[in-house]
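Biologist: Could you walk me through how to read the contacts between the parts of a modelled complex? I would like the general idea each time, and then the case at hand.

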Amino acid sequence: MNKNYLELSQVGIEFPTDGEPFRALQNINLSIQKGEFISLIGHSGCGKSTVLNIIAGLYRASEGGVILEGREVNEPGPDRAVVFQNHALLPWLTVYENVELAVKSVFKKTKSKAEMRDWIAHNLSLVHMDHALHKRPGEISGGMKQRVGIARCLAMQPKVLLMDEPFGALDALTRAHLQDSLMEIQNRLGNTVVMITHDVDEAVLLSDRIVMMTNGPAASIGEILEIDLARPRDRLALAEDPAFNACRQQVLRFLYEKHRNPAAQAAEVPASETPPTEPQVAPASVPKAKPTSSAAA
Amino acid sequence: MNAPKIRSDISQRLQQLSLASLLKGLRRTVKNLVLPLTGIVIFLFIWQIAASSIVTSLGQFPGPSDVWQQSKTLVAEHRQERQKADAFYTRQEVRNAKKLAKNPQADVKVRPYTGKATYFDQIFTSLYTVMFGFLVATFIAIPLGILCGLSENAYRAINPIIQTFKPVSPLAWLPLVTMVVSALYVSDDPMFEKAFLTSGFTVALCCLWPTVVNTIVGVASINRDLIDVSRVLRLSSPVYIKTIVIPSATPLIFTGLRLSLATGWMVLIAAEMLAQNPGLGKFIWDEFQNGSSSSLGRIMVAVITIGIIGFILDQLMLALQKRMSWDKQAVLR
């Protein structure tokens, strides 16, 4: 295994404002191995999404840089597929066409038409969406939309799968289903994943390492926690597991003792940042009535 | 179990149910049919009273009944003219047949009928003139709007020009358009009348702007996530425009097109009056110049026709929008 498959070194970013530029991140150093599952966790507005967007190439770091497989990242590309919080499917295309758009733009030269068709179908069946190929996003549930969003990214065969609070807008039961699907897929394909979350249980359940971020402005990496739990992981068994609970405790302690989110900082969150959702600590097995925001419905 | 009793209960319930649904249906009819009709009747009543108290140099201002008479006259004139034309063509045919019978090598010509244009001919002329102007405007406005919506720099460069020309009246453009058409459209065998081109281009100049402005807004307000998706996929500009920009701007483009068509239809009447394009505008102008006792009534018929056609055009655009819209649940009105 290559120790430094994806490397962030001395990454910092400033956003221009009317007065002083706003420093969102500074001194972010992180090395990620191939096939590793990394979660980024932190309070709202700490710059988790900004880190992800820098890896994706959607933002350019003001200093430092990102290196993926020995190459510097300086623009977005299909080798770093992004799963967006609000699925970002094209509402005028069917499920199949949405994935097709991605497949066509990545494999135009290397796959024949029939191969592309099989590949689209294969990826949609990976996320258990083969029953709704010809439905539009408006006709399927929030969880299904997110499954299609994941399929679209998997179909691009990215080097790194970037997930920006992928299950944040879903209710707890749907979220649990999708977490299980994601674990199953990652088990089979061995993707390298960087996921943003504000759900402590989700982070512990899914990750190999949890990267905890300090509060902004000028946020940085506070602690990194190795999750040494055997895979495949089972959520019911883990609920009783002392090792699992110890990990949970550690993340919670970081978030609520060492880096309490001062309420005043909420006002300084730049508009492009994550929505103001607080970290959730309730066990994932208890359904929480959380409104599913379907912005593009 | 007392079966007959139950049955009679059920039938009673059914009767009540059907009575309730009948009442509901009645209420709907009242809402959808009776209310609009009441409005129209009251309007006609007020119009009749107002008209009877206005005396112009061309006689009494026409009330609803005069207008109804005049519309019947216009239909009758149209029929007469068509009959004349038919008679003209049959006469020609007979004459030509005779000629050919005498001498099979004879040079036979069919001359077109050149009687005066009827009211319906004029409506038709107006319709295709406005369509010409509207299509010209659309082919310029949508690409221009997409360009300005996508590029902030293009927007900054072009916006002042748009804002300057947007409020200009068609009457101000008309002399310029007339002169330009006369200067540039010189041909021995013209495919179009100059008056047609002048009116059409004036319409185009005036109905360009709503579509441009709405397309710009539509394109500029594409969901940020979708833009990010296109960047991650590295879509080429043509694919990006085709798959993301145009579909997401479609609702606002259509809003613009509907406003444009309505503007164009209004502008057309003024343009036709001055350019003497043989449509409804010219009809009104000629009746005004004619100044007979029936003129005002005939003009009023034209006014109502213009209104109804404008309404129909808008409904057609709405139907088209519903067909083209990807979001079948959206409420369009």
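Modeller: Gladly. A polar contact is a pair of N or O atoms within 3.5 Å, where, within protein, one must be able to donate a hydrogen and the other to accept it. Keep in mind that this is a predicted model. Between domain 1 of chain A and domain 2 of chain A, the count is 7 residue pairs in polar contact, with both residues at pLDDT 80 or more.

Biologist: Where do those two domains of chain A run along the sequence?

Modeller: The assignment gives domain 1 of chain A as 6-74 + 162-170 + 190-296, and domain 2 of chain A as 80-157. In their contact, domain 1 of chain A takes part with 19 residues and domain 2 of chain A with 15 residues.

Biologist: How many salt bridges does the rule find across that interface of domain 1 and domain 2 of chain A?

Modeller: A salt bridge needs a side-chain nitrogen of Lys or Arg within 4 Å of a carboxyl oxygen of Asp or Glu. Across the interface of domain 1 of chain A and domain 2 of chain A, the rule finds 0 salt bridges. Which elements line the side of domain 1 of chain A? Helix H1 (48-56) and strand E7 (160-164) of chain A each supply at least two residues there. The largest share, 3 residues, comes from E7(A). Sorted by class, that side of domain 1 of chain A has 12 nonpolar, 5 polar and 2 charged residues.

Biologist: And how much area is buried between the two domains of chain A?

Modeller: Buried area is what two parts lose in accessible area on being put together, summed over both. For domain 1 of chain A and domain 2 of chain A the figure is about 1400 Å², and carbon and sulfur atoms give 61% of that.

Biologist: Let us move to the two chains. How many residues does each of chain A and chain B bring to their contact?

Modeller: Chain A brings 22 residues and chain B brings 15 residues. Together the chains bury about 1800 Å², with 69% of it on carbon and sulfur atoms. On the chain A side, A:Leu58, A:Trp92 and A:Leu101 supply 33% of the area buried against chain B, more than any other three residues.

Biologist: Which side chains meet in a salt bridge there?

Modeller: The rule finds 1 salt bridge across the interface of chain A and chain B. A:Glu75 and B:Arg234 are the partners, at 3.7 Å from N to O. The same interface has 3 residue pairs in polar contact, both residues at pLDDT 80 or more. Strand E6 (80-83) and helix H2 (95-107) of chain A each supply at least two residues of the side that touches chain B. By class, that side of chain A has 14 nonpolar, 4 polar and 4 charged residues.

Biologist: Now chain B by itself. Which domains is chain B divided into?

Modeller: Chain B has domain 1 (1-30), domain 2 (59-116) and domain 3 (119-322). The contact between domain 2 of chain B and domain 3 of chain B takes 11 residues from domain 2 and 11 residues from domain 3. Their centres, taken over C-alpha atoms, are separated by 34 Å. These two domains of chain B bury about 1000 Å² between them, 71% of it on carbon and sulfur atoms. In domain 2 of chain B, the residues that lose the most area to domain 3 are B:Val67, B:Gln70 and B:Leu74, together 48% of what that side buries.

Biologist: How many salt bridges are counted between domain 2 and domain 3 of chain B?

Modeller: The count is 2 salt bridges. B:Arg298 forms a salt bridge with B:Glu77, the closest N and O atoms being 3.2 Å apart. There are also 2 residue pairs in polar contact between domain 2 and domain 3 of chain B, both residues at pLDDT 80 or more. The side of domain 2 of chain B that touches domain 3 has 5 nonpolar, 4 polar and 2 charged residues.

Biologist: Last topic: how do the record's annotations sit on the model?

Modeller: An annotation of this kind may be inferred rather than shown by experiment. An unreviewed UniProt entry places "domain: ABC transmembrane type-1" at residues 123-317 of chain B. Over that span chain B is 85% helix and 0% strand. For chain A, UniProt (unreviewed entry) lists "domain: ABC transporter" at residues 6-240, a span that is 34% helix and 26% strand.

Definitions and conventions
Residues are numbered from 1 along each chain as its sequence is written. Chains are lettered from A and ligands numbered from 1 in the order in which they are written. This is a predicted model: local features need pLDDT of at least 70, side-chain atom pairs count only at pLDDT 80 or more; totals for chains, interfaces and linings use all residues. Side-chain values use heavy atoms; hydrogens and water are left out. Domain bounds come from an automatic or database domain assignment. Contact means heavy atoms within 4.5 Å. Buried area is the accessible area (1.4 Å probe) that two parts lose on being put together, summed over both. A polar contact is a pair of N or O atoms within 3.5 Å; within protein, one must be able to donate a hydrogen and the other to accept it, and residues adjacent in sequence count only if both atoms are side-chain atoms. Ala, Val, Leu, Ile, Met, Phe, Trp, Tyr, Cys and Pro count as nonpolar, Asp, Glu, Lys and Arg as charged, and the others, Gly among them, as polar. Helices (H or I, at least four residues) and strands (E, at least two) are DSSP runs, numbered from the N terminus.
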